[in-house]
Amino acid sequence: MSKFKVVHYINQFFGQVGGEEMAHIPAEKRMGPAGPGLAFSKQFGDEAEIVATIVCGDSWFNENLELATKTVLDMVKEESPDLFIAGPAFNAGRYGVACGTICDAVKKELGIPVLTGMYIENPGADMFRTEVLIVSTANSAAGMRKAVPVMAKLALKLVKGERIGASVEEGYIPDGVRRNFFDKKRGSTRALEMLLKKIAGKPFETEYPMPTFDRVPPMPAIVDMTKANIAIVTSGGIVPKGNPDRIESSSASKYGSYNIEGVDDLTGETYETAHGGHDPVYANEDADRVIPVDVLRQYEKEGKIGKLHDWYYSTVGNGTAVASAKKYAAEIAEKLHNYDVDAVVLTST
Amino acid sequence: MKLEVGYIDIKGIRFGDYNAVEDGILIVNPEPLLEPVLEDPLIKSAHFEIATPGESIRITPVKDVIEPRVKVEGGGGVFPGMVSKVDTVGSGKTHVLRGMAVVTAGPIVGFQEGIIDMTGLGAEYTPFSKLHNLVLVMEPVENFKQHEYEAAARLAGLRTAAAIGELAKELVPDETVVYETPSVAESFKEEWKDLPRVGYVMMLQSQGLLHDTYVYGVDAKRTLSTMISATEVMDGAIVSGNCVSACDKNTTYHHQNNPVIHDLLAVHGKLINFVGTIITNENVYLDDKIRSSDWTAKMANYLSLDAAIITQEGFGNPDTDLIMNCTKLEKQGIKTVIITDEYAGQDGKSQSLADADELANAVVTGGNANEVVVLPSLDRVIGTLDYVDIVAGGHDGSLRPDGSIEAELQIIIGSTNEMGFNRMSAR
Amino acid sequence: MVNFWRLTLGGEQETLHANKYQIVTNNPMVADVFGERCRVVFLEQGSDRDVIETVRDLVHQHYRVLTAPLAGSVKPWETPYRSVMVSTSKGSAIDETSLELVEFALMVIRQSKERLETTKPSIDSDFQTIDLSLIESALPSVEAIGRI
């Protein structure tokens with residue numbers, strides 16, 4: 001019976017090229033297993049073998065995402081493997097992101113099972129847990145001995161197409177899919193034990209983490225609008241014509257601050273939308289439809305509001321990560337504070 | 001309250017010329033048992049069948065599962081307010097025919113659910129595949145009113161279980177356990193001072209036809225949250241009128257054998273001070289929910305609880321009550337663990353509950369009821385397969401030509417029980 | 001003769017007798033039974049989603065939801081019928097609890113799979129009966145209250 005062919009991805013450190021000072025090396029392929037691959041090989045026995053190992057510098061991967069992903073993908077394709085594994089990355093952030101990224105790409109491009117492993121707090125975990133199975137490991141390489149057998153076992157299940165059990169059974173980070181399994185004790189006993197831990201202030205693990213709804217309590221209403229300094233903030237992606245800051249049409253990696261001093265009206269010649277999530281025709285014709293500069297300016301002239309703030313802040317909300325949105329909002333809020341802005345008209349599409 | 005429970009283990013059931021329990025075997029003479037059942041004009045026909053663990057039998061559609069018990073000493077009779085007078089139960093001595101159940105089967109409405117498989121994959125998901133089941137199959141007359149027929153079927157099951165329970169009155173139990181619940185004054189005794197004061201909040205289904213629960217015969221819909229003793233529950237003070245969904249409705253058997261009550265009593269005086277049980281309802285009217293959950297929190301406060309386990313029954317509407325009860329207790333500084341089940345979709349990706357709050361940080365789950373399973377074709381059906389396609393969790397074509405069934409766990413009695421009866425969980 | 005009123009497209013309210021509650025429903029049995037008693041917004045060909053969305057629109061207009069929108073353990077993807085009791089008086093602002101309940105209900109309905117088509121008319125009548133029973137269970141509560 002032929003063995004399953006596996007390709008393994010590791011970073012410069014586990015590939016024994018060097019530490020941080022060698023993180024810039026581009027991807028290179030070696031035949032056979034290397035580094036932790038040797039431990040994997042032992043676990044795989046005669047069911048699977050690592051035919052090639054790709055060693056790649058963490059910095060090189062993260063700073064050249066597109067090129068690196070393509071390069072590694074091509075290397076993987078050459079081997080026509082049945083299975084692809086990466087890491088484990090433990091708590092190394094860039095390594096974790098690289099593992100997640102390349103696993104996701106291999107899964108989507110080649111349609112073969114993929115598996116990686118990292119510490120639950122590795123940024124790569126949050127980013128990729130719903131796309132790729134990630135075995136939960138300790139936060140340092142000291143956890144290698146424990147991680148490899150768990151990863152190997154799960155990897156073999158994946159490549160054989162066997163049923164994957166619940167996250168606690170198989171040892172992977174919960175991936176957003178609820179799976180049933182039979183625990184050792186009945187629910188009432190589990191509840192009692194959980195309660196005893198909770199009472200004693202000991203750590204316990206809930207069987208179902210509640211979804212978090214980020215609630216923001218609203219500020220008190222403006223008392224006198226005629227004196228208020230109003231600013232415009234938008235995720236509608238309105239930018240000066242030509243999109244000088246190159247804000248992306250989706251998954252925006254930045255926001256822009258644009259001066260509208262003396263601007264009474266946004267026109268199709270001066271402004272446009274960068275938003276890729278809807279038909280842009282009407283927004284491009286007249287960007288006031290997304291951010292009401294014309295109306296606010298009129299209110300300002302009529303004394304209905306105190307002032308329209310000289311700057312507006314814009315990003316594209318389409319597919320933008322909550323974490324990114326939070327980051328931009330925090331920075332924009334600081335600017336608004338510095339300018340003594342009283343209230344914001346926040347628009348989206 | 002103090003109740004001595006004598007368990008008589010039943011190892012088999014067979015039909016015979018008389019009704020008795022001999023050497024652990026229940027001998028059933030159907031005629032005298034069926035007489036009171038058939039007196040009800042709404043019941044056209046009824047008969048008994050026997051299902052033994054391991055047999056290739058599928059029982060469907062199941063209405064209720066009831067354990068035969070009998071009061072030997074102490075006030076009242078089992079199922080007070082339903083089959084016996086309303087006198088308070090929970091003290092003295094009660095005998096239980098353990099290892100068996102009376103299962104009522106037969107349609108009440110056109111869509112049905114409730115399968116108990118005695119062998120195969122389906123058997124793994126229900127606790128009732130491990131019991132010797134005496135199945136009472138009933139058929140309604142033409143043009144019946146659903147509410148009335150449901151009541152008739154419910155009473156028929158309880159009466160039968162009580163009648164069979166009577167057979168245990170004079171028997172010598174195989175095992176005796178004494179259960180004792182403290183009075184409020186006793187709960188403050190010196191000896192238990194350092195133990196956490198723990199309560200159990202039991203939520204009862206109370207929304208209407210096929211969604212009701214009765215406490216001493218009172219419809220839980222019209223109750224205010226109140227206390228009940230663990231031992232009263234063991235004497236059948238709470239019975240089920242709930243038929244939806246098969247997977248998470250609490251059968252009368254679940255109430256009689258409430259696992260939370262048993263687990264808390266087992267460590268009472270050692271790890272915890274099990275102060276008492278609060279029962280509350282799950283009405284559809286919002287102000288009732290607010291009132292009931294406020295009342296529950298108020299009682300928990302009166303009892304100076306440090307912590308509580310909360311169990312619910314049902315889907316959707318009860319999730320709101322569950323979160324209300326949980327958050328109100330937590331805000332009073334009472335630590336909670338809640339037990340629920342999930343409807344996360346067949347792919348397991350949907351939001352599992354219909355309500356949520358970050359204060360509900362300690363959850364035990366009975367599993368995802370939407371998981372699809374294929375139940376093998378079995379040799380014999382007790383009841384009828386007519387409704388399997390139209391059941392909750394079933395679908396057109398659910399019943400395959402070879403007799404196997406492809407359906408969600410929702411269809412199996414007790415599979416995702418929210419009292420924590422089973423070992424099944426999910427992550 | 002079934003006595004009920006439809007919510008017009010323009011959203012005009014038709015003031016009838018001063019009752020404490022109105023019912024939004026797509027269940028003809030409910031429309032029939034309650035028609036004489038209170039205002040019924042009967043979405044005759046409407047889906048359960050239409051019912052909840054109509055309730056949501058009413059909530060936006062400051063009406064309060066009086067019963068759990070997801071009443072009953074028969075799941076949204078099993079039964080086509082849904083009835084919700086709503087107040088007849090408006091508040092000064094949108095009731096947050098009502099809004100949350102309605103939004104959660106919509107989320108559950110949206111992520112529900114396709115409804116199983118049932119071909120037996122007797123079953124349809126049973127779903128209607130259950131839905132009616134659920135909304136009827138609220139009657140003793142709503143009629144006991146002096147003021148909402």
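User: Happy to dig in! What is the mean pLDDT of chain C, and what share of its residues reach 70 or more?

Analyst: Hello! This is a predicted model. Chain C has a mean pLDDT of 82, and 80% of its residues are at 70 or more.

User: Which elements of chain C have the lowest and the highest mean pLDDT?

Analyst: Helix H5 (residues 139-144) of chain C has the lowest, with 82, and strand S3 (residues 63-65) of chain C has the highest, with 96.

User: And what makes residues 1-18 of chain C a stretch to treat with care?

Analyst: Over residues 1-18 of chain C, pLDDT stays under 50. Where pLDDT is low, predicted coordinates should not be read in detail. The model does have 17 contacts for this stretch beyond four places in sequence, and the same caution about reading low-pLDDT coordinates applies there.

User: What scores does the predictor give the complex?

Analyst: The complex gets an ipTM of 0.96 and a pTM of 0.85.

User: How do you know that chain A and chain C are not in contact?

Analyst: A contact needs C-beta atoms, placed from the backbone, within 7 Å. No pair of residues from chain A and chain C is joined by a contact, and the closest C-alpha atoms of these chains lie 12 Å apart. Two pairs of chains do touch, and chains A and B have the most contacts.

User: Which parts of chain A touch chain B?

Analyst: On this side, 33 residues of chain A are in contact with 42 residues of chain B. Helix H7 (167-170), strand S7 (180-182) and helix H8 (187-199) of chain A each give two or more residues. H8(A) gives the most, with 11 residues. By class, this side of chain A has 16 nonpolar, eight polar and nine charged residues.

User: What makes S7(A) and strand S26 (residues 424-426) of chain B a pair?

Analyst: Two strands pair if there are at least two bridges between them. S7(A) and S26(B) have three bridges, so they meet that cut-off. These two strands run antiparallel, and Phe181(A) has Ser425(B) as its bridge partner.

User: Which elements of chain C face chain B?

Analyst: Here 34 residues of chain C are in contact with 33 residues of chain B. Helix H3 (96-110), helix H4 (121-136) and H5 of chain C each give two or more residues, and the largest share, nine residues, comes from H4(C). The side of chain C that touches chain B divides into 18 nonpolar, 10 polar and six charged residues.

User: Back to chain A: why are H3(A) and H4(A) called oblique?

Analyst: Helix H3 (residues 65-79) and helix H4 (residues 93-110) of chain A pack at about 55°, with axes 10 Å apart. Angles under 35 degrees count as roughly parallel and 65 to 115 as roughly perpendicular. About 55° falls in neither range, so H3(A) is oblique to H4(A). Their crossing is right-handed. Residues making the contact include Leu65(A) and Val72(A) of H3(A), with Ile102(A) and Ala105(A) of H4(A). By class, that contact has eight nonpolar, two polar and two charged residues.

User: Why do S8 and S13 of chain B count as edge strands?

Analyst: They belong to an open four-stranded sheet with the order S8-S9-S1-S13 and mixed pairing. Strand S8 (69-73) and strand S13 (175-180) of chain B each have a single partner strand, so one side of each lacks a neighbour in the sheet. From one strand to the next, the twist averages 25°. Inside the sheet, strand S1 (residues 2-9) and strand S9 (residues 92-98) of chain B pair in the parallel sense over seven bridges, and Ile8(B) is bridged to Leu97(B).

Terms used:
Residues are numbered from 1 along each chain as its sequence is written. Chains are lettered from A and ligands numbered from 1 in the order in which they are written. This is a predicted model: local features need pLDDT of at least 70, side-chain atom pairs count only at pLDDT 80 or more; totals for chains, interfaces and linings use all residues. Axes are lines fitted to C-alpha atoms, for helices over the stretch in contact, and angles run from 0 to 180 degrees between N-to-C directions. Angles under 35 degrees count as roughly parallel, over 145 as roughly antiparallel, 65 to 115 as roughly perpendicular and the rest as oblique. A crossing is left-handed if the near helix is turned anticlockwise from the far one by less than a right angle, and right-handed if clockwise. Ala, Val, Leu, Ile, Met, Phe, Trp, Tyr, Cys and Pro count as nonpolar, Asp, Glu, Lys and Arg as charged, and the others, Gly among them, as polar. pLDDT is the predictor's confidence in each residue, from 0 to 100.
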